[in-house]
Amino acid sequence: MSTHEAEGIRGDGGDSGGNDPRIVLLGPPGAGKGTQSSNIEAAFGVPHVTTGDALRANKDIETDHGTPREYMDAGELVPDPVVNEIVVEALADAEGFVLDGYPRNIEQAEYLSEMTGVDVVPFLRVEEDELVRRLTGRRVCPDCGANYHTEFDPPAEEGVCEECGAELTQRDDDTEDVVRERIRVYRENTEPVVDHYRESGELVEVNGENSPDEVWEDLREAIEGNV
Ligand code: ADP
Ligand code: ADP
Ligand code: ZN
């Protein structure tokens with residue numbers, strides 16, 4: 001299997017039951033992937049690899065396919081070659097990881113499977129109305145990447161990051177019309193990825209509608225039971 005090849009390249013030589021879990025966290029936009037990835041990073045000591053943050057940090061770079069901004073501000077997927085390159089680099093030295101925001105279509109899932117095996121694919125299930133509420137109320141820290149919500153997870157001091165003190169901002173694509181388009185793009189492109197991992201037996205479904213702490217409890221169990 002390609003799993004062995006990838007492990008050989010990374011040189012860890014271990015099997016998939018090692019100490020550093022390889023986790024692909026799936027879920028629609030706003031399901032809580034970023035929030036829960038921080039918990040996973042802290043609890044399991046694996047790096048949080050997020051294509052969304054990497055693209056936002058490089059929104060205006062010129063690629064052969066234009067700038068990431070052109071796609072992101074419209075809620076569309078950035079072309080695969082641009083995104084694949086980010087993930088190759090990020091995973092090059094990683095033994096374990098939590099991958100957040102990738103793969104988002106079947107082609108990316110195939111590309112990932114050539115790069116590395118994965119141990120578990122938790123899927124955070126949340127209904128559309130709740131996603132829209134979460135995304136339109138989301139506030140983010142431009143400096144450290146922490147996530148907040150005006151209603152569901154407000155910082156102690158309004159508009160100020162609890163982790164680093166920076167002023168919180170709203171993402172350009174968290175407006176209601178772009179949010180609806182991102183959910184449509186998710187249904188068309190990413191739901192087939194969810195089905196793919198369900199069929200391969202790697203998917204573990206977690207109810208993402210509970211409170212962040214309850215979701216984390218279920219998610220931790222799902223990971224521990226599968227690595
Ligand atoms: P994603 O990375 O999947 O897009 P985020 O982790 O950024 O999602 O969460 C989206 C928004 O919803 C944020 O404002 C976050 O604070 C909030 N949020 C995350 N998890 C929950 C939850 N379980 N219940 C209510 N709000 C949540
Ligand atoms: P979300 O809160 O929707 O999970 P992300 O931060 O993961 O948002 O992604 C924001 C935007 O970045 C996406 O709408 C898309 O334009 C782009 N993007 C992120 N990851 C990918 C990917 N794997 N493939 C293509 N585009 C991506
Ligand atoms: Zn911060």
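In which strand does Val24 lie? In this predicted model, Val24 belongs to strand S1, which covers residues 22–25. With a relative accessible area of 0%, Val24 is buried, because the cut-off for that class is under 20%. Once its neighbours within four places in sequence are set aside, Val24 is in contact with Leu99, Tyr102, Pro103, Leu112, Val118, Val120, Val121 and Pro122. A distance helps to place this residue with respect to a later part of the chain: the C-alpha atoms of Val24 and Ser211 are 21 Å apart in space, and the two residues are 187 apart in sequence.

Two of the contacts of Val24, Tyr102 and Pro103, are joined by a peptide bond that deserves attention. Most peptide bonds are trans. The bond from Tyr102 to Pro103, however, is cis, with omega near 0 degrees. Pro103 itself is located in the loop that runs between strand S3 (97–100) and H6.

Helix H6, residues 106–115, leads to the packing of helices. Two packed helices are described by the angle between their axes and the distance between the axes. For H6 and H8, the axes come within 8 Å and cross at roughly 45 degrees. H6 is therefore oblique to H8, since the angle falls outside the ranges for roughly parallel, roughly perpendicular and roughly antiparallel. On the H6 side the contact is made by Ile106, Ala109 and Leu112, and on the H8 side by Asn189, Pro192, Val193, His196 and Tyr197. By class, these residues divide into six nonpolar, two polar and no charged. Leu112, one of the H6 residues in this contact, is also among the residues in contact with Val24.

A second pair of helices can be described in the same terms. The axes of helix H2 (residues 33–44) and helix H9 (residues 212–224) come within 10 Å and cross at roughly 50 degrees. This angle makes H2 oblique to H9, and the crossing is right-handed. From H2, the residues that make the contact are Gln36, Asn39, Ile40, Ala43 and Phe44; from H9, they are Pro212, Val215, Trp216, Leu219, Arg220, Ile223 and Glu224. The contact of H2 with H9 comprises eight nonpolar, two polar and two charged residues.

Attention now turns to charged side chains. The count of salt bridges in the model comes to 23. One of them joins Glu191 and Arg187, whose closest N and O atoms are 3.1 Å apart. These residues are four apart in helix H8 (residues 176–200), so about one helical turn separates them. Both ends of the pair are partly exposed: Glu191 has a relative accessibility of 30%, and Arg187 has one of 34%. Another salt bridge links the side chains of Arg198 and Glu205, at 3.3 Å from N to O. Arg198 is partly exposed, with 42% relative accessible area, and Glu205 is likewise partly exposed, with 39%.

Which residues are linked in a network of salt bridges? They are Lys59, Asp60, Arg69, Asp73 and Asp172. Within this group, the side chains of Asp73 and Arg69 meet in a salt bridge of 3.5 Å, N to O. Asp73 is partly exposed at 29% relative accessibility, and Arg69 is also partly exposed at 29%. Asp60, another member of the network, is found in the loop between helix H3 (51–56) and helix H4 (68–72). Apart from its neighbours within four places in sequence, Asp60 is in contact with Thr67 and Arg69. The C-alpha atoms of Asp60 and Glu70 are separated by 8.8 Å, the two residues being ten apart along the chain.

Is Arg134 buried or exposed? Arg134, found in helix H7 (residues 128–136), counts as buried, because its relative accessibility of 15% is under the 20% cut-off. Its contacts, leaving aside neighbours within four places in sequence, are Gly30, Ala31, Gly32, Val126, His149, Phe152, Gly208, Glu209 and Asn210. Arg134 at 15% and Val24 at 0% thus both count as buried, because each value is under 20%.

How values were computed:
Residues are numbered from 1 along each chain as its sequence is written. Chains are lettered from A and ligands numbered from 1 in the order in which they are written. This is a predicted model: local features need pLDDT of at least 70, side-chain atom pairs count only at pLDDT 80 or more; totals for chains, interfaces and linings use all residues. Side-chain values use heavy atoms; hydrogens and water are left out. Axes are lines fitted to C-alpha atoms, for helices over the stretch in contact, and angles run from 0 to 180 degrees between N-to-C directions. Helices (H or I, at least four residues) and strands (E, at least two) are DSSP runs, numbered from the N terminus. Angles under 35 degrees count as roughly parallel, over 145 as roughly antiparallel, 65 to 115 as roughly perpendicular and the rest as oblique. A crossing is left-handed if the near helix is turned anticlockwise from the far one by less than a right angle, and right-handed if clockwise. Contact means heavy atoms within 4.5 Å. Ala, Val, Leu, Ile, Met, Phe, Trp, Tyr, Cys and Pro count as nonpolar, Asp, Glu, Lys and Arg as charged, and the others, Gly among them, as polar. A salt bridge is a side-chain nitrogen of Lys or Arg within 4 Å of a carboxyl oxygen of Asp or Glu. Buried means under 20% relative accessible area, exposed over 50%, partly exposed in between (1.4 Å probe, protein chains only).
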